[in-house]
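Please look over the sequence and the structure below before reading on. The report turns to the ligand and its surroundings, and then to the aromatic rings.

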Amino acid sequence: MKQRIDSHRRRVLQGVAGTAALGALPRFAFAQAAPVKIGLILPMTGPFASTGKQISAACKLYIERNGDTVAGRKVELIVKDDGGLQPETTKRIAQEMVVQDKVTILAGFGLTPLAFAAAPVATEAKVPMVVMAAGTQIIPQRSPFIVRTGFTLPQNTAPIATWAAKNKIKRVFSLVTDYAPGLDAEKAFQARFSSAGGTTVESVRTPLRNPDYAPFLQRAKDSKADALFVFVPSGEGLALMKQFEERGLKQAGMKLIGPGDVVDDDLLESMGAAAVGVITSMHYSAAHDSPENKAYVAAMMKANPGMRPNFHSVGGYDGMHLIYEAVKKQPNGSGEQLVEAMKGMKWVSPRGPMMIDPATRDVVQTVYLREVKMVNGQPWNIEFARFENVGPAG
Ligand code: DHB
């Protein structure tokens with residue numbers, strides 16, 4: 001009898017020990033596979049809110065289509081609104097994400113001054129910083145942890161300068177928003193256009209905050225230039241286009257050209273017929289004719305009714321792709337190892353082929369010439385030529 005009790009106790013104890021051991025295993029495995037925390041800092045409110053909405057929607061779509069685990073690690077997206085105008089706010093949020101949330105990667109960055117502000121945080125914390133929107137060329141030089149998946153202004157501007165010089169545009173009036181990407185666009189256009197024989201008759205810069213385009217557009221009209229070259233950041237195109245039409249520049253025969261930010265797909269439907277005939281160069285159009293893009297646009301519009309995906313959205317979508325692929329290569333990689341894994345990565349995006357140049361950590365991609373045309377009653381940027389493998393300097 002005593003023996004039976006002992007053997008029973010032994011079996012129970014063994015059972016308990018067995019359960020405990022089994023119980024410990026998943027906890028141990030869970031502790032190993034720490035989540036991939038992505039701290040997405042974006043303007044979700046204010047004048048540049050469309051950039052934040054487009055990018056956050058695209059990042060969420062990427063997770064939906066590719067699963068919320070990568071290399072056995074759960075993917076957590078933490079989205080924070082920086083309001084788009086205060087670099088100190090972006091910097092503080094980046095610091096909080098690094099210190100409190102312990103993010104694996106910082107991402108987003110809607111405007112250049114905000115990316116500049118966060119760069120030292122990435123360097124100090126040794127956390128990769130994926131720049132999805134801001135387009136000033138020198139941004140990746142601000143930290144060895146920066147990798148860009150959007151575009152640069154010289155990259156998107158040089159092709160339109162080449163096109164203009166070859167298409168009977170001899171005298172251009174230039175208007176750019178007065179901050180780093182505007183100055184990049186102004187410089188890239190003038191360099192390429194003048195070396196091709198064109199002349200910039202006047203250059204004006206409009207304020208980033210509360211711009212009034214009317215007086216500048218009147219000056220442009222009075223100049224009787226062949227074309228108005230424009231760079232305004234995403235979110236501003238509608239106001240500029242309204243003034244362009246109201247002041248009668250189009251009727252006066254002046255062409256509107258530039259990098260494609262001014263005819264951003266997010267706003268193009270609201271611009272309506274006023275935008276027809278605008279010719280720009282850009283890395284992405286929602287009308288890009290490829291199976292990858294057709295599926296992307298359909299999925300974005302299904303998940304976000306009424307929102308046509310714009311060029312910033314693909315910066316977000318491809319940024320997520322870059323993060324997933326880097327984690328697959330370096331499942332438990334340090335910040336440095338993840339950045340190394342990102343260098344040289346190549347893939348086919350909804351925009352077309354792209355790669356991360358290992359030397360500059362910047363994007364190399366196809367830039368398309370497009371003209372706004374009405375298709376089925378809606379304006380679209382219809383691509384008609386392409387420049388392949390354009391680097392960050394244009
Ligand atoms: C930047 C922001 C934009 O929305 C854009 O279209 C181009 C450049 C920027 O701040 O870098």
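How many Å separate a backbone N or O atom of Ser 234 from an oxygen atom of the ligand?

## Polar contacts of the ligand

In this predicted model, the distance from a backbone N or O atom of Ser 234 to an oxygen atom of the ligand is 3.1 Å. Side chains take part as well: a polar side-chain atom of Thr 112 lies 2.5 Å from an oxygen atom of the ligand, and an N or O atom in the side chain of His 312 is 2.8 Å from a ligand oxygen. The ligand taken alone exposes 300 Å², of which the protein buries 100%.

## The shell and the cavity

The ligand is surrounded by 15 residues, and the closest of them are Thr 112, Gly 135, Tyr 179, Asp 261 and His 312. By character, this shell divides into nine nonpolar residues, five polar residues and one charged residue. The space that the ligand takes is the largest cavity.

## Aromatic pairs

The structure holds eight aromatic pairs, among them the pair of Phe 151 and Phe 311. Their ring centres are 5.5 Å apart and their planes stand at 80 degrees, and because an angle over 60 degrees counts as edge-to-face, this pair is placed in that class.

The pair links distant parts of the chain, with the two positions 160 residues apart in numbering. Phe 151 belongs to the loop between strand 6 (146-148) and helix 5 (153-166), whereas Phe 311 is in helix 11 (residues 311-329).

Notes
Residues numbered from 1 in each chain as written. Predicted model: local features only at pLDDT ≥ 70, side-chain atom pairs only at ≥ 80, totals over all residues. Heavy atoms only, no water. Near = heavy atom within 4 Å. Polar contact = N/O pair within 3.5 Å; in protein donor to acceptor, adjacent residues only side chain to side chain. Areas by Shrake-Rupley, 256 points an atom, 1.4 Å probe, with all protein chains shown as cover. 1 Å grid on protein atoms, 1.4 Å probe; cavity = no way out; pocket = protein on both sides within 12 Å on 5 of 7 lines; lining within 4 Å. Sits in = over half its atoms within 2 Å of the grid points. Nonpolar A, V, L, I, M, F, W, Y, C, P; charged D, E, K, R; others polar. Phe/Tyr/Trp six-rings, centres within 6.5 Å; stacked < 30°, edge-to-face > 60°. Helix = DSSP H or I, 4+ residues; strand = E, 2+ residues; numbered from the N terminus.
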